[in-house]
Every structure is written in structure tokens, then in C-alpha cells.
Amino acid sequence: LGDVYKRQVKQGRGSIINFSSMAAFRPLTRVCGYAAAKAGISNFTAYMATECARKFGEGIRVNAIAPGFIQTPWHENRTPESYERINRKIALHRFGEIKDVADMAYSILTNNYMNGSIVDIHGGYDYF
């Protein structure tokens, strides 16, 4: 177990949230390595949720958030055309905000029955 997991297990309770990506489910162009790594995080999340529940009971829960396009400094250098092209594929026609991800994390942390879930938060991105 990693250090975070070890600390949570030592306390006997906790909620661990890993970060995957919508790219884990259907790779986007030009990010094959990134998508593969995020798919690994999703798989690891599901495995650790089961493993921790078997070993330590319901006190330790493991879930993941799989965000889509979120407005962060990573996207600051995008051209207006790039934003428009991506926004056309998002049902809500905009990038998500950091608060959207934080709200999802809070929901996961406060739901004591949620375990092993990988939650998409991508505004209805159309992969096709």
C-alpha cells in the first residue's frame, strides 16, 4: 500500500479519492500514454476499493473522479478556436470549473456507501 493508504488504514477509517480522467474510458487524440495511465488509475481504484473493504471493513473507501475538460492553468494557452472546437463536443458547451470537481469530491467524501466508483464529470462530452 502507498503512504496515503497506509495512513488511512492505520486510522481505521477514511475516504481516498484518486484522480483518473474521461480519457481513461475512451482515449482522446494525441494523448494515448496519458489515457493508458489514467485507465490504470481507474483499475487500481476498483482493485483497492475491494481489497481495502475485504481487509479492513467499511471504514476505508476508495473512489476516483474522472474529470473532462476543466478550466485550469493547463488550458491557458489554448486558442479561441481550440476552445470552440472542444466546447462544441461538450453538451453544456463550456469547460468545467475547479469548483465542479471540488463539489464532486465533497459528495464522495460524505457518501458512506460509495466505494469503488469512478465518477465521470465532463459536462456531457460527446466522444463521437
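Which residues does Met114 touch, not counting residues up to four places away in sequence? In this predicted model, the answer is Arg61, Asn63, Ile108 and Val119.

**The nonpolar cores**

Two of those contacts turn up again if you look at the inside of the protein. Ile108, Met114 and Val119 belong to the largest nonpolar core, which has nine residues. Its other members are Ile17, Ile65, Ile70, Val101, Ala105 and Ile121. Where do they come from? Helix 4 (98-110) and strand 3 (118-121) each supply at least two residues of this core. Helix 4 gives the most, with three residues. Apart from this core lies another one, of seven residues, including Phe69, Tyr83, Ile86 and Tyr125.

**The salt bridges**

Now for the charged side chains. Side chains of opposite charge can pair when their charged atoms come close. How many salt bridges does the structure hold? There are four, and here is a look at some of them, with the gap given from N to O.

| Pair | N to O distance | Helix |
|---|---|---|
| Lys55 and Glu51 | 3.2 Å | helix 2 (residues 32-56) |
| Glu84 and Arg88 | 3.7 Å | helix 3 (residues 80-89) |
| Lys99 and Asp103 | 2.9 Å | helix 4 |

Try finding each pair in the structure. Lys55 and Glu51 sit four residues apart in helix 2, about one turn of the helix. In helix 3, Glu84 and Arg88 are also four residues apart, again about one turn. Lys99 and Asp103 have that four-residue spacing too, this time in helix 4. Helix 4, remember, is the one that gives three residues to the largest core.

**Buried or exposed?**

How do the partners in these bridges sit relative to the surface? Start with the pair in helix 2. Lys55 has a relative accessible area of 56%, so this residue counts as exposed. Its partner Glu51 counts as buried, because its relative accessibility is 18% and the cut-off for buried is under 20%.

In helix 3, Arg88 is exposed, with a relative accessible area of 55%. Glu84, on the other hand, is partly exposed at 40%.

The helix 4 pair comes last. Lys99 is exposed because its relative accessible area is 52%, and exposed means over 50%. Asp103 has 36% relative accessibility, so this residue counts as partly exposed.

Definitions and conventions:
Residues numbered from 1 in each chain as written. Predicted model: local features only at pLDDT ≥ 70, side-chain atom pairs only at ≥ 80, totals over all residues. Heavy atoms only, no water. Core = buried A, V, L, I, M, F, W, Y, C linked by side-chain atoms within 4.5 Å. Buried < 20%, exposed > 50% of the residue type's maximum accessible area, 1.4 Å probe, protein only. Contact = heavy atoms within 4.5 Å. Salt bridge = Lys/Arg side-chain N within 4 Å of Asp/Glu carboxyl O.
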